[in-house]
Amino acid sequence: GDERSLLSFSLSPSIESSPKMAESEESLAHILNSDPTLRKQSSLSALLKKIKKTPIDEMTMESLPRVLPNLIKIVEEYCTSEVYCIAFECVSYLAEPDIEFSKLNNIVWLHLEVLIDMFLSVYHTNCPSHGDQHSRDAYTAVIKLCENFSQSMPTHLIPRILSDFLYEIVRWMEEMDYEWGLSVPEMILENLISAFGIEIITPYLILISKDLLKGDWRERSAALAALSIIVKCTGSSRVLPTMMKITIRFLSDDHPRVRYYACLLLTSLSRRIISKERWRFSFPIWRKNILKSH
């Protein structure tokens, strides 16, 4: 009827109808007409099938700019329903296309900040009714967004993402008091280092770590662990003096785990200094300062 023709025209005015496309248009029109805000489980399930279809049909692609905000709202507002689960799966699937899907990435980029905030919230909330799976999926989605948009990521989002992941290390310090070492912090940060590059994120990590060093033992330990990873990964010597001053200060911390991570940082620094000819002369001075701190 006229109503369906008008809807089809508004969604994709340049596409000529074919029997196959008409069927797709009718199906999409039915979803959007019967449930504009996508709050029904049946509507979301139908939409998920269309999103998972490779390649995404033209009508669905044309509708995503107005569908995606509704999906994000559902994830933000529903925490325990089946509707939430399907909406989350839809958004997660859309957030993880490979870079060659430029049209879809253009749509996702328009909502990039909201998507990152949403996924980080899911990652940290980890609703008990959904177990750990949604938290892991949210982590994967954030990493994928960072990889896909590493060159065009708004600069103010990078410290936001890094800060959230550093606080995940803080949480790990508290929950896994019996497990020491750098394996978990490295696992948490390695994908971000790979996505943005160590030279890009080093200044942000140092600034965030300096704030954490003012906190409790968990925050101080997490900061020192992150700084150890920076020293291990970076090829730059500019950060070494700052790192050494921090190391000397926390080798005499009153908490054993903080001292442990200060020692790990010292180990990383020593290896880096010895490998740089022009830094070797300063090692005796730092060694003297280290001995003074005890």
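These are my notebook entries on a predicted protein model, covering its overall make-up, several helices and a few single residues.

**Entry 1: ground rules**

I am working with a predicted model, in which local features need pLDDT of at least 70 and side-chain atom pairs count only at pLDDT 80 or more, while totals for chains, interfaces and linings use all residues. Residues are numbered from 1 along each chain as its sequence is written, and side-chain values use heavy atoms, with hydrogens and water left out.

**Entry 2: the whole protein**

I looked up the secondary structure and found 15 helices and zero strands, where helices (H or I, at least four residues) and strands (E, at least two) are DSSP runs numbered from the N terminus. Of the 294 residues, 50% are buried; buried means under 20% relative accessible area, exposed over 50%, and partly exposed in between, with a 1.4 Å probe and protein chains only. The accessible surface comes to about 14800 Å², with 55% of it belonging to carbon and sulfur atoms (Shrake-Rupley method with a 1.4 Å probe; for residues, only the protein chains shown count as cover). I then turned to contacts, meaning heavy atoms within 4.5 Å: among those between residues at least 6 apart in sequence, 72% join residues at least 24 apart.

**Entry 3: helix 8 and its partner**

Helix 8 (residues 133-148) has 16 residues and reaches 22 Å from first C-alpha to last, close to the 22 Å expected at 1.5 Å a residue; the expected span is 1.5 Å times one less than the number of residues. I listed its buried residues, among them His134, Ala138, Val142 and Leu145.

For pairs of helices I noted that two packed helices are described by the angle between their axes and the distance between the axes. The axes of helix 8 and helix 10 (residues 183-196) come within 8 Å and cross at roughly 20 degrees, where axes are lines fitted to C-alpha atoms, for helices over the stretch in contact, and angles run from 0 to 180 degrees between N-to-C directions. Helix 8 is therefore roughly parallel to helix 10 (angles under 35 degrees count as roughly parallel, over 145 as roughly antiparallel, 65 to 115 as roughly perpendicular and the rest as oblique). The crossing of helix 8 and helix 10 is right-handed, the near helix being turned clockwise from the far one by less than a right angle, whereas anticlockwise would be left-handed. On the helix 8 side the contact is made by Tyr139, Ile143, Cys146 and Glu147, and on the helix 10 side the residues include Met187, Asn191 and Phe196.

**Entry 4: helix 7 against helix 9**

The axes of helix 7 (residues 112-125) and helix 9 come within 11 Å and cross at roughly 5 degrees, so I recorded the two as roughly parallel to each other. Residues of helix 7 including Glu113, Asp117 and His124 meet residues of helix 9 including Arg160, Asp164 and Arg171.

**Entry 5: helices 11, 12 and 13, and Val239**

Helix 11 (residues 198-212) has 15 residues and reaches 20 Å, close to the 21 Å expected. Its buried residues, including Ile198, Thr202, Ile206 and Leu212, pack against helix 9 (157-175), helix 10, helix 12 (217-233) and helix 13 (240-250).

The axes of helix 12 and helix 13 come within 12 Å and cross at roughly 145 degrees, and the crossing is left-handed. Arg220, Leu224, Leu227, Ile230 and Val231 of helix 12 make this contact with Met243, Ile246 and Phe250 of helix 13.

In the loop between helix 12 and helix 13 I looked up Val239, which is buried with a relative accessible area of 11%. Beyond its neighbours within four places in sequence, Val239 is in contact with Thr202, Ile206 and Thr234; the C-alpha atoms of Val239 and Thr202 are 8.7 Å apart, with their positions 37 residues apart along the chain.

**Entry 6: Leu182 and Leu264**

Leu182 lies in the loop between helix 9 and helix 10 and counts as buried at 12% relative accessibility. Outside four places in sequence, Leu182 is in contact with Ala225, Ser228, Lys232, Tyr261 and Leu264. Leu182 and Ser228 are 46 residues apart in sequence, with 8.3 Å from C-alpha to C-alpha.

Leu264, in helix 14 (residues 256-275), is partly exposed, with a relative accessible area of 21%. Under that sequence filter, Leu264 is in contact with Leu182 and Ser228.

**Entry 7: Asn70**

Asn70 sits in helix 4 (residues 58-77) and is buried, with a relative accessible area of 17%. Not counting residues up to four places away in sequence, Asn70 touches Pro36, Thr37, Leu38 and Arg39.
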